[in-house]
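Work through the exercises below with the sequence and the model at hand. Each task is followed by a solution in steps.

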Amino acid sequence: MVGSIVPAMPGVPLAYLSLWLGRWSGYTPFSNTFMWIMAGVTLVVFLADYFLPPLIVKRSGGSKAATWGSIIGMVAGLIFTPIGMLLGMLLGAFLGELWYAKKSGGEALKAAMGTFVGFLLGTGLKLLLCFYVLYQLISTWWSAGSL
């Protein structure tokens with residue numbers, strides 16, 4: 001779950017790995033079909049998280065300055081998690097566009113909002129998948145009488 005929010009932590013692949021660990025442990029008898037479907041869903045979510053935010057930033061008029069500003073702001077905001085991450089990301093994207101890309105305040109704000117929406121979509125997809133994996137693990141352990 002943490003890897004879905006914190007940058008540079010591979011939350012989605014780790015969630016998929018947890019399915020394999022559960023299967024290998026013998027407590028969760030996931031079928032081969034389920035594991036292949038989850039591999040495909042994991043790949044789609046991983047790629048969407050990689051490509052969707054930059055696409056939304058570009059469509060909102062943002063540049064690489066917004067992307068880098070948002071990353072720097074988010075990392076700086078980790079100290080004040082979770083509000084600090086979101087505000088740091090917005091402020092970083094805004095300042096990146098304003099100072100480095102030399103855009104007007106309105107254009108910089110539009111790019112910052114695009115960066116924010118891209119982050120929320122990517123993070124939302126990752127969290128949704130991680131919660132589903134957690135549900136599957138707990139429900140199969142529960143039905144097997146392991147919990």
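**Exercise 1: Three residues**

Leu 87 is found in helix α5. The model is predicted: local features need pLDDT of at least 70, side-chain atom pairs count only at pLDDT 80 or more, and totals for chains, interfaces and linings use all residues. Residues are numbered from 1 along each chain as its sequence is written, and side-chain values use heavy atoms, with hydrogens and water left out.

Task: Decide whether Leu 87 is buried or exposed, then treat Asp 49 and Pro 53 likewise.

Solution.
- Step 1. Buried means under 20% relative accessible area, exposed over 50%, and partly exposed in between (1.4 Å probe, protein chains only).
- Step 2. Leu 87 has a relative accessible area of 53%, so it is exposed. Its C-alpha atom is separated by 38 Å from that of Phe 34, 53 residues apart along the chain.
- Step 3. Asp 49 is in helix α3 (residues 32-59). Its relative accessibility is 24%, so Asp 49 counts as partly exposed.
- Step 4. Pro 53 also lies in helix α3. With 17% relative accessibility, Pro 53 counts as buried. The C-alpha atoms of Pro 53 and Leu 120 are 67 residues apart along the chain and separated by 8.7 Å.

**Exercise 2: The whole chain**

Task: State which elements the protein has and why it counts as more spread out than a compact globule.

Solution.
- Step 1. Helices (H or I, at least four residues) and strands (E, at least two) are DSSP runs, numbered from the N terminus.
- Step 2. There are six helices and zero strands in the protein, in the order α-α-α-α-α-α from the N terminus on.
- Step 3. The radius of gyration is 18 Å, well over the 15 Å that the globule rule gives for 147 residues, so the protein is more spread out than a compact globule. This radius is taken over C-alpha atoms, and the rule is 2.2 Å times the number of residues to the power 0.38.
- Step 4. Along the principal axes, the C-alpha atoms fill a box of roughly 60 × 30 × 15 Å. Of the 147 residues, 35% are buried.

**Exercise 3: The sides of α4**

Task: Find which residues of α4 are buried and which exposed residues its opposite face carries.

Solution.
- Step 1. Helix α4 (residues 64-77) has 14 residues and reaches 19 Å from its first C-alpha to its last, close to the 20 Å expected. The expected span is 1.5 Å times one less than the number of residues.
- Step 2. The buried residues of α4 are Ala 65, Ala 66, Gly 69, Ser 70, Gly 73, Met 74 and Gly 77. They lie on the same side of α4 because they cover an arc of only 155° around the axis, an arc of the directions from the helix axis to the C-beta atoms.
- Step 3. Lys 64, Trp 68 and Ile 72 are the exposed residues on the face turned away from the buried side.
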